[in-house]
Amino acid sequence: MKNILAVIMVVLMATILLKAIVVFSPNKILAWLHTLRPVHLFMATFLSSVTILHYLIHRPRVVYLIDYACFRPSNYRVPISGLGNETYYPPSAWYIPPDHCLRKTRDEAEMVIFTICDELLVKTCLNPDVLDILIVNCSLFNPTPSLADMIMTKFKLRGDIRIAQLSGMGYNAGINGVDLAINILQTMPYGAHALVVSTEILTGRYYMGRKHEILVTNALFRTGGAVVLLSTSRTKARFQLLHITRKSTGAKYNAHRCVFQQEDDEGYLGIHLSKDLLDIAELLSFLFSFITRKLFNARTEVYIPDFGKTFDHFCIHAGGRAVIDGVQRSLDLSNEHVEPSRMTLYRYGNTSSISFWYELAYIEAKGRMRKGDQVLMIGFGSGYKCNSAIWKCIRSIQNVDRAWANCIHRYPIDVFK
C-alpha cells in the first residue's frame with residue numbers, strides 16, 4: 001500500500017509539472033517561482049525527495065538466480081527399476097535386510113546435501129561467509145538438529161544467517177523454498193545471497209508393507225538433490241525471476257488426503273497415494289487464472305493462452321508419466337516441450353521437488369537455452385498444491401551441469417518403448 005501511494009505521488013507531481021510547462025511559458029513559471037517564499041520551495045523539494053526516496057527504498061527488489069547444482073551419485077545405481085536403468089537408490093537399500101536406521105538416514109542426507117553445496121560453491125567461486133539466508137526443504141526427514149543446522153556446521157556459516165527448513169510440503173517444496181527466500185531477500189540489504197537446498201531423503205522411509213497404494217512410492221521415488229543460489233544483485237546472474245505463484249486446494253478433504261503419510265494395517269509406515277488424486281486439469285486451472293491475469297491482462301477465468309508460444313521451455317514436475325501426460329494435454333504442449341520432464345523421470349526417477357532443476361539442467365545441456373528465453377516451472381504436491389515459477393534467461397552458458405555430463409548425448413530416447 002505504501003508503494004502504491006508513493007507511485008501515485010510521483011506520477012501526480014510529474015503530471016502537474018508537465019501540465020504547467022505546456023500551459024505556461026518557462027518565463028512565466030520562473031516568475032511565479034520567484035513569488036514563492038523560500039520555505040515553500042524547500043518544503044516542496046523536501047517532500048518530493050522523500051517521496052521518491054521512499055519509493056526507491058521500498059519497491060520490491062528483482063531477484064536473480066546466480067547458479068544451481070544437481071546431485072549425481074558416483075554409484076548406487078539401480079539397473080532394473082521400472083524407470084530407466086540409471087536411477088539411484090540410497091546406500092541403505094543395498095543391505096540385506098535394508099538398514100533404515102537414523103545413522104544411515106543422516107549419512108544419506110550428508111552425502112547428498114554436502115556434495116551439491118560443495119559443487120555450487122566451486123562453480124560460483126563463492127565464500128560461504130557471504131551467505132545471508134539458508135532455506136532447506138525435505139518432506140520426509142526432519143532430524144534434530146535440523147538439516148539447515150547441519151549445513152551451517154559443515155560450512156561454518158555466519159552466526160547471523162537467517163535459516164529455515166520446510167517439511168511435509170511434497171513435490172512443490174522447491175518453489176516454496178524459493179518463494180520464502182525471495183520474501184526474506186526483500187528485507188535484506190541489496191546484494192544479499194540466499195541458498196535454497198532441496199532434497200528428499202529416502203532412507204528410513206522405505207515402505208516394507210504390501211499395500212499397493214503405498215508400494216508405488218517405492219517404485220517411483222529415487223535419490224536426488226539440488227541447490228540454488230539467489231541474490232538481488234544481477235552480477236554473474238543467469239536467470240531473472242519474473243513471477244511466482246502458490247495455490248492450494250487443501251480446504252477440500254479429498255485434496256488434503258490425496259498424498260497422505262500413514263501406517264497400513266500391519267503397522268508399516270508409508271506414503272499413501274489416493275485414487276482421489278485431483279485431475280491435472282483442475283490443478284492447472286489455478287495456473288491458468290494466474291498467468292491470464294498477470295501476463296495477458298484478461299479477467300476471465302476460462303481463457304487459456306497458448307502456453308507453447310508464450311514460453312520457450314517447460315519444467316514440469318516429473319512425478320510420473322500420468323502427470324506429464326496430463327500437463328501436456330492440458331497445456332497443448334509439443335513432445336519437445338515435455339522432453340526434459342520425460343527424460344528426467346527416465347534418468348533420475350521421481351526426485352520430488354528437485355526434478356525442476358534436473359530438467360533445467362537438461363535443457364541447458366542440450367544447448368537449447370538462449371538469452372531472453374522464458375522458462376515455466378509447474379509443480380504439484382501434497383496438500384494439494386499447484387505452484388509455478390517463471391524465469392527469464394539473461395545469460396546462457398556452454399558448461400553442462402554434472403547431472404547430465406557425459407550422458408546427454410544419449411538423450412532423448414523413446415521412453416514409450
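Colleague: What makes the crossing of α12 and α13 right-handed or left-handed?

Modeller: In this predicted model, α12 and α13 cross in the right-handed sense. A crossing gets that label if the near helix is turned clockwise from the far one by less than a right angle.

Colleague: And why is α12 called roughly perpendicular to α13?

Modeller: Helix α12 (residues 335–348) and helix α13 (residues 355–365) cross at roughly 115°, with axes that come within 9 Å. Angles of 65 to 115 degrees count as roughly perpendicular, so α12 gets that label relative to α13.

Colleague: Which residues make that contact?

Modeller: From α12 you have E339, P340, S341, M343, T344 and Y348, and from α13 S355, Y358, E359, Y362 and I363. By class, that's six nonpolar, three polar and two charged. Tyr counts as nonpolar here, so Y348, Y358 and Y362 go into that class.

Colleague: Now α4 and α5. Why is α4 called oblique to α5?

Modeller: Helix α4 (residues 102–124) packs against helix α5 (residues 147–155) at about 55°, with the axes 11 Å apart. Roughly parallel needs under 35 degrees and roughly perpendicular starts at 65, so α4 ends up oblique to α5. The crossing of α4 and α5 is right-handed.

Colleague: What is the contact between α4 and α5 made of?

Modeller: On α4, A109, E110, I113, F114, C117, D118 and L121; on α5, L147, M150, I151, K154 and F155. They divide into nine nonpolar, no polar and three charged. Asp, Glu and Lys count as charged, so E110, D118 and K154 are the charged ones.

Colleague: How many cavities of 30 Å³ or more turn up in the whole structure?

Modeller: Two. The second largest holds about 40 Å³ of space, and its lining is C117, L121, P128, L131, I151, F155, L157 and L195. α4 and α5 are the elements that give two or more residues to that lining. C117, L121, I151 and F155 also belong to the α4–α5 contact.

Colleague: How do that lining's residues divide into nonpolar, polar and charged?

Modeller: Eight nonpolar, no polar and no charged. Cys and Pro count as nonpolar, so C117 and P128 fit that split.

Colleague: What about the largest cavity, then: which residues line it?

Modeller: Y89, L140, L202, R205, Y206, T217, N218, F221, G270 and I271, around a volume of about 100 Å³. α7 (212–220) and β10 (269–273) each supply at least two of them. The split is six nonpolar, three polar and one charged. Gly counts as polar, so G270 joins T217 and N218 in that class.

Key: Residues numbered from 1 in each chain as written. Predicted model: local features only at pLDDT ≥ 70, side-chain atom pairs only at ≥ 80, totals over all residues. Heavy atoms only, no water. Axes fitted to C-alpha atoms, helices over the stretch in contact; angles between N-to-C directions. Helix = DSSP H or I, 4+ residues; strand = E, 2+ residues; numbered from the N terminus. Parallel < 35°, antiparallel > 145°, perpendicular 65-115°, else oblique. Contact = heavy atoms within 4.5 Å. 1 Å grid on protein atoms, 1.4 Å probe; cavity = no way out; pocket = protein on both sides within 12 Å on 5 of 7 lines; lining within 4 Å. Points joined across faces, edges and corners; volume = space filled by probe spheres on them.
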